[in-house]
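User: I would like to learn how to read the packing of a helix in a protein model. Could you guide me through an example?

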Amino acid sequence: MTANAGHAAVRAEGVWKVFNEGQQNEVTALQDVSLEVGEGEFVSLIGPSGCGKSTLLRVMADLTHATRGELTVAGLTPAQAREEQKYGMAFQQAALFDWRTVQRNVELPLELMGWDKSRRAARATELLEMVQLADFASHRPWELSGGMQQRVAIARSLAVDPPLLLMDEPFGALDRKSTRLNSSHGYIS
C-alpha cells in the first residue's frame, strides 16, 4: 500500500463525530480519536456494536465529516483522497446495482474513470477469477447468494488497485473458505 511519499496511509488527530450536535438527541459517535496507520500495515478496529468503528471508516472515506479534529488519507483530506482514488471501500452490505451484471458491477469504477471497454472487461475478469466468481460474470446480483454478492463488492473495491482498502465488516456473509487471504495478492481468494 503506497501513500503519498512521507505520509501515513491514514492519520487521525483528535477526531470527533457528534450527530445532532446541540440538540436533545445528540450522539457522540467518536470522541478524541487519534491513530496512525502506516504504509503497508493491516489494521483491524475491534469493539462492540455502536462504538464508532463504521463511523470512523465513513469519515476516512469522505461519506461523513468529522465534527472536530483532523483526518488525512495519504496526506490528503478525505475528499481529496476520494477524488484521487487513493482508497477502495467495501461495505457491510454489498451495495451492488441489480440492473447491472456482476461483470458490469465490477467494471463500474473503471467506467467512471474512463477506461475503455476492453480494458475494463479484462480487469473485471481478472478480479472475478480472483474471488472465484468468473462463471457468474453474466448473472445479476439478485441471482447470487449473499456471500457471492459480497465477493463481487470486494472485487469492485479492488478494481482500480487502490493503495488503501477500507473494509467495514465485509466478511460477515462469507463462508470460512472464502475468507482466506491469498498470499500472492494480499486480497481475498
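Analyst: The following turns examine one helix and its surroundings. This is a predicted model, in which local features need pLDDT of at least 70, side-chain atom pairs count only at pLDDT 80 or more, and totals for chains, interfaces and linings use all residues. Residues are numbered from 1 along each chain as its sequence is written, and side-chain values use heavy atoms, leaving out hydrogens and water.

User: Which residues of α3 are buried?

Analyst: Buried means under 20% relative accessible area (1.4 Å probe, protein chains only). Helices are DSSP runs (H or I, at least four residues), numbered from the N terminus. In α3, the buried residues are V102, Q103, N105, V106, E107, L108, P109 and L110. Because eight of the eleven residues of α3 (residues 102-112) are buried, this helix is largely enclosed by the rest of the structure.

User: What covers the buried residues of α3?

Analyst: The cover includes α4 (117-130) and α5 (146-157).

User: How do α3 and α4 pack?

Analyst: Two packed helices are described by the angle between their axes and the distance between the axes. Axes are lines fitted to C-alpha atoms over the stretch in contact (heavy atoms within 4.5 Å), and angles run from 0 to 180 degrees between N-to-C directions. Here the angle is about 125°, and the axes of α3 and α4 are 9 Å apart. The two helices are therefore oblique to each other; that word applies outside the ranges under 35 degrees (roughly parallel), over 145 (roughly antiparallel) and 65 to 115 (roughly perpendicular).

Definitions and conventions: Buried means under 20% relative accessible area, exposed over 50%, partly exposed in between (1.4 Å probe, protein chains only).
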